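Biologist: I would like to learn how to read a protein model feature by feature. Could you walk me through one?

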Amino acid sequence: FQVSLGPLFGCLLDREGYAECWGDDDHGQVSDVPPDTDFVQVSVGYLHVCGLHEDGAISCWGGDFEGQLQGLVEFRELVEDVGTALLLIGAAAHASA
């Protein structure tokens, strides 16, 4: 299990790799969770969530007011360790809020 909490909502990653989110859903951060069941990590930002898949792919959903979801591809190319990148994405979202 893994839990990631933000100021308005949170997400849980279960043992099967499914992400479930609860709380404020004004920007789809709760209702737009992908149905994938191969997540190995999730990271909650201020109004968005990113999840790391087993194969290294990253899925994000929720608010994209500062381009945090669109800039993901460029950011991933700069960071070799995708797990570290995911943690940094979540931390940056909290710091800029």
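Modeller: We will go from the whole chain to its strands, and then to a few single residues.

Biologist: Good. Where should I begin, and what kind of model is this?

Modeller: Begin with confidence, as this is a predicted model. The protein chain has an average pLDDT of 77, and 67% of the residues score at least 70.

Biologist: Over which residues does pLDDT stay under 50?

Modeller: That stretch is residues 73-80, and the model gives it eight contacts beyond four places in sequence. Helix α1 is assigned to residues 72-78, so please read that part with care, given that pLDDT is the predictor's confidence in each residue.

Biologist: How many helices and strands does the protein chain have?

Modeller: There are two helices and six strands. Read from the N terminus, the order is β-β-β-β-β-β-α-α.

Biologist: And what can I say about burial and surface for the chain as a whole?

Modeller: Of the 97 residues in the protein chain, 43% are buried. The exposed area comes to about 5,400 Å², with carbon and sulfur atoms supplying 52% of it. You can also ask how far apart in sequence the contacting residues lie: among contacts between residues at least 6 apart, 37% join residues at least 24 apart.

Biologist: Let us turn to the strands. How do I read the pairing of β1 with β2?

Modeller: Look at direction, bridges and the connection. Strands β1 and β2 run antiparallel and are joined by four bridges, with a hairpin of three residues leading from one to the other. For a concrete pair, take L5, whose bridge partner in β2 is G10.

Biologist: Which strand lies on the other side of that pairing list, after β2?

Modeller: Strand β3, residues 19-23, is joined to β2 by five bridges, again antiparallel. G10 appears here too, standing opposite W22 in β3. The hairpin of β2 and β3 has five residues between the strands, and G17 in it takes a positive phi near 90°.

Biologist: Why is strand β2 described as largely enclosed?

Modeller: Here you count buried residues. Four of the five residues of β2 (residues 9-13) are buried, so the strand is largely enclosed by the rest of the structure.

Biologist: How many residues of strand β5 are buried?

Modeller: Six of its six residues, 48-53, are buried, so "mostly covered" here rests on a relative accessible area under 20% for each of them.

Biologist: Which way do the side chains of a strand point?

Modeller: In a regular strand, side chains alternate between the two faces of the sheet. In β5, H48, C50 and L52 point one way, while V49, G51 and H53 point the other way, and all are buried.

Biologist: What are the partners of β5?

Modeller: Strand β4 (residues 39-44) runs antiparallel to β5 and is joined to it by five bridges. The hairpin between β4 and β5 has three residues, and S43 stands opposite C50. Strand β6 also runs antiparallel to β5, with five bridges, and H48 stands opposite G62 there. In the hairpin of β5 and β6, which has four residues between the strands, G56 takes a positive phi near 95°.

Biologist: Now a single residue. Is S59 buried or exposed?

Modeller: S59, found in strand β6, is buried, because its relative accessible area of 18% falls under the 20% cut-off. Beyond four places in sequence, S59 touches P34, D36, F39, V49, C50, G51 and H53. Its C-alpha is 8.3 Å from that of V49, ten residues away in sequence.

Biologist: And is F65 buried or exposed?

Modeller: F65 is exposed, because its relative accessible area of 55% is over 50%. F65 sits in the loop between β6 (58-62) and α1. Leaving out residues up to four places away, F65 touches H27 and L47. F65 and L47 are 18 residues apart in sequence, and 9.0 Å apart from C-alpha to C-alpha.

Biologist: Which residues make the nonpolar surface patch?

Modeller: V3, L5 and W22 make it, and the patch covers about 320 Å². V3 belongs to strand β1, residues 2-5, and is exposed, with a relative accessible area of 51%. You met the other two patch members earlier: L5 pairs with G10, and W22 has G10 opposite.

Terms used. Residues numbered from 1 in each chain as written. Predicted model: local features only at pLDDT ≥ 70, side-chain atom pairs only at ≥ 80, totals over all residues. Heavy atoms only, no water. Buried < 20%, exposed > 50% of the residue type's maximum accessible area, 1.4 Å probe, protein only. Contact = heavy atoms within 4.5 Å. Patch = residues over 30% accessible without salt bridge, like charges linked within 9 Å, V, L, I, M, F, W, Y side chains within 5 Å. Areas by Shrake-Rupley, 256 points an atom, 1.4 Å probe, with all protein chains shown as cover. Salt bridge = Lys/Arg side-chain N within 4 Å of Asp/Glu carboxyl O. pLDDT = per-residue confidence, 0-100. Pairing = 2+ DSSP bridges.
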